[in-house]
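Please examine the sequence and the three-dimensional model shown below. The paragraphs that follow lead from single residues to the overall architecture.

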Amino acid sequence: MSSLLALSPLDGRYQKKTQALAPIFSEFGLIKSRVQVEIAWLKALANEPMIVELPAFSAATIAFLDELVLQFSEADAMWIKQKEAETNHDVKAMEYWLKGKCATRAELARATEFIHFACTSEDINNQAHALMLQAGVQQVLLPKLLEIQQVLEANAQREAATPMLSRTHGQTATPTTLGKEWAMFAHRTGNALKQIEAVAFMGKMNGAVGNYNAHLSAYPEVDWPRLCQGVVEGLGLRFQAMSTQIECHDYMAELFHAFSRLNTVLIGLARDIWSYVSIAYFKQKLKAGEIGSSTMPHKVNPIDFENAEGNLGLANAMLTHLAEKLPISRWQRDLTDSTVLRNMGVGLGYSLLAYDSLKTGLGKLEVNHARLAEDLDRAWEVLAEPVQTVMRRHGVENPYEQLKALTRGEQITPERMQEFVASLAIPPKAKAELLALTPANYLGLAERLARSRG
């Protein structure tokens with residue numbers, strides 16, 4: 001199908017930018033992950049000595065089973081989809097495909113009824129979803145986020161000493177450094193990344209309502225919790241010992257909330273950079289042939305940050321719904337999670353699209369040092385803060401009120417501020433220190449904070 005006919009822009013206009021997630025979160029990815037779980041379960045059953053009807057597999061058979069996962073193809077997935085059209089059950093269709101493959105080998109032909117043995121579909125699905133999330137986060141999303149984090153940290157170091165006028169409530173405020181502001185976002189992003197990295201991907205394998213009922217009815221002597229824990233952990237997941245028919249999805253909510261919080265930090269970053277571009281603190285590198293406006297030839301628009309902001313908002317709308325909906329299931333299960341889970345890749349796809357735009361935009365920025373210096377030189381009123389603070393130390397009466405009368409709503413020149421300081425009845429050393437202050441050197445510990453690693 002032409003990308004022009006795609007319903008979702010993730011599979012249409014932006015397909016190239018999100019294609020790394022497609023093999024993982026597509027229906028193909030889901031089916032392949034199910035096959036991986038089913039085969040892990042079959043191999044574990046064959047390794048259980050008390051299941052005498054299923055002898056341990058030979059090395060050649062194990063290699064054959066592993067190859068079914070490694071070589072799983074789009075044609076295989078299509079066969080399963082066609083079978084699903086008959087069965088109206090996706091997991092059962094996959095089971096039939098796997099039985100057909102196993103029937104081609106004598107050793108496995110005798111084992112086909114142990115495929116999906118004692119399992120409910122959710123024993124397979126929950127682990128498949130966990131594997132998909134684990135792969136998508138660790139292989140695609142975190143590397144992209146770490147690239148952004150590295151850019152923020154590098155910018156913090158490079159511009160640690162670059163003076164910049166702050167703006168609280170949009171008004172001139174105590175100066176900072178450009179590097180300190182980069183460092184603040186690097187620090188917040190780093191904390192958010194730690195929250196994502198700390199989430200454990202969970203899996204359960206305990207039957208129709210979580211009690212191993214069918215398992216025990218066939219082999220009461222088997223330690224089923226031990227066996228099932230081994231399967232889950234063998235897939236690289238953490239074992240969920242307590243569940244109903246479904247894994248409760250609490251870890252998913254934790255993960256999606258963590259991404260949503262990170263995305264919110266990055267929305268703030270995109271908006272701040274957009275604002276700094278608008279007042280010319282940053283220039284943007286030109287790209288040959290690129291057009292900013294169809295009618296205004298001079299424009300170089302901050303489109304990467306606008307695209308990032310918009311797509312982060314879309315991502316958070318989806319991720320928040322996933323986090324709020326998935327942990328809720330009526331009684332031992334309802335099916336509302338099934339259709340919602342198919343959209344995990346949508347929320348994370350819009351996140352990836354935004355990260356790509358943000359990284360591109362960051363790479364285009366050039367600091368306009370002249371504009372930063374110009375703004376500082378026009379904002380001598382910000383020195384009202386240190387002057388009234390030193391006046392307080394030395395017991396000058398009503399210092400705040402004096403500076404308020406001098407500066408509020410007024411354009412303060414260097415001469416006017418220094419004339420006021422010179423008139424103060426404070427010790428000569430304190431007066432000399434205040435007279436040496438300018439908006440460009442009244443920076444507190446901004447440089448040191450920018451160079452710190454939090």
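Which residues does Val-140 touch, not counting residues up to four places away in sequence? In this predicted model, Val-140 touches Ala-20, Leu-21, Ile-24, Ala-135 and Leu-352. Val-140 belongs to helix H8, and its relative accessible area of 12% makes it a buried residue, because buried means under 20%. Along the chain, Val-140 and Ala-130 are 10 residues apart, and their C-alpha atoms are separated by 15 Å.

A second buried position is Met-94, whose relative accessible area is 0%. Met-94 sits in helix H6, which covers residues 90–102. Once neighbours within four places in sequence are left aside, its contacts are Arg-34, Val-35, Glu-38, Ile-80 and Ile-124. Arg-34 is 60 residues away from Met-94 along the chain, yet the two C-alpha atoms are separated by 7.8 Å.

Gly-203 lies in a strand, S3, formed by residues 202–203. With a relative accessibility of 0%, Gly-203 counts as buried. Outside the four places on either side in sequence, Gly-203 is in contact with Asn-126, Gln-127, Val-232, Leu-237, Arg-238, Phe-239 and Gln-240. Gly-203 and His-249 are 46 residues apart in sequence, with a C-alpha to C-alpha distance of 9.5 Å.

Leu-70 offers a contrast in exposure: its relative accessible area is 61%, and it is exposed. This leucine is part of helix H4, which comprises residues 59–70. Leu-70 and Val-387 are 317 residues apart in sequence, and 70 Å separates them in space, C-alpha to C-alpha.

The backbone deserves attention at two loop positions. Most residues other than glycine have a negative phi. His-116, however, is not a glycine and has a positive phi of about 65°. His-116 is placed in the loop between helix H7 (106–109) and helix H8 (121–158), and at 13% relative accessibility it counts as buried. Ala-280 likewise has a positive phi, near 70°, in a residue other than glycine. The loop that holds Ala-280 runs between H12 and strand S5 (282–284). At 28% relative accessibility, Ala-280 counts as partly exposed.

How many residues does the largest nonpolar core have? The largest nonpolar core has 122 residues, and those with the most contacts inside it are Leu-133, Trp-182, Trp-224, Phe-256 and Phe-259. Helix H12 (residues 250–278) gives the most to this core, contributing 16 residues. Apart from this core lies another, of 18 residues, which includes Met-417, Phe-420, Leu-424 and Tyr-442. Within the largest core, Leu-133 illustrates the connections. Residues up to four places away in sequence excluded, Leu-133 touches Phe-25, Phe-201, Tyr-251, Met-252, Leu-255, Phe-256, Met-344 and Leu-348.

The packing of one helix pair can now be considered. Two packed helices are described by the angle between their axes and the distance between the axes. For helix H19 (residues 414–422) and helix H20 (residues 428–435), the angle is about 175° and the axes are 10 Å apart. Angles over 145 degrees count as roughly antiparallel, and H19 and H20 are therefore roughly antiparallel to each other. Where they meet, Gln-418, Val-421 and Ala-422 come from H19, and Lys-431, Leu-434 and Leu-435 come from H20. By class, this contact has 4 nonpolar, 1 polar and 1 charged residues.

The final step is the protein as a whole, which has 21 helices and 6 strands. Why is the protein described as more spread out than a compact globule? Its radius of gyration is 31 Å, well over the 22 Å that the globule rule gives for 454 residues, so the protein is more spread out than a compact globule. The C-alpha trace spans about 100 × 55 × 40 Å along its principal axes. Of the 454 residues, 49% count as buried. Among contacts with a separation of 6 or more, residues 24 or more positions apart account for 78%.

Conventions:
Residues are numbered from 1 along each chain as its sequence is written. This is a predicted model: local features need pLDDT of at least 70, side-chain atom pairs count only at pLDDT 80 or more; totals for chains, interfaces and linings use all residues. Side-chain values use heavy atoms; hydrogens and water are left out. Axes are lines fitted to C-alpha atoms, for helices over the stretch in contact, and angles run from 0 to 180 degrees between N-to-C directions. Helices (H or I, at least four residues) and strands (E, at least two) are DSSP runs, numbered from the N terminus. Angles under 35 degrees count as roughly parallel, over 145 as roughly antiparallel, 65 to 115 as roughly perpendicular and the rest as oblique. Contact means heavy atoms within 4.5 Å. Ala, Val, Leu, Ile, Met, Phe, Trp, Tyr, Cys and Pro count as nonpolar, Asp, Glu, Lys and Arg as charged, and the others, Gly among them, as polar. A nonpolar core is a set of buried Ala, Val, Leu, Ile, Met, Phe, Trp, Tyr and Cys residues joined through side-chain atoms within 4.5 Å. Buried means under 20% relative accessible area, exposed over 50%, partly exposed in between (1.4 Å probe, protein chains only). The radius of gyration is taken over C-alpha atoms; the globule rule is 2.2 Å times the number of residues to the power 0.38.
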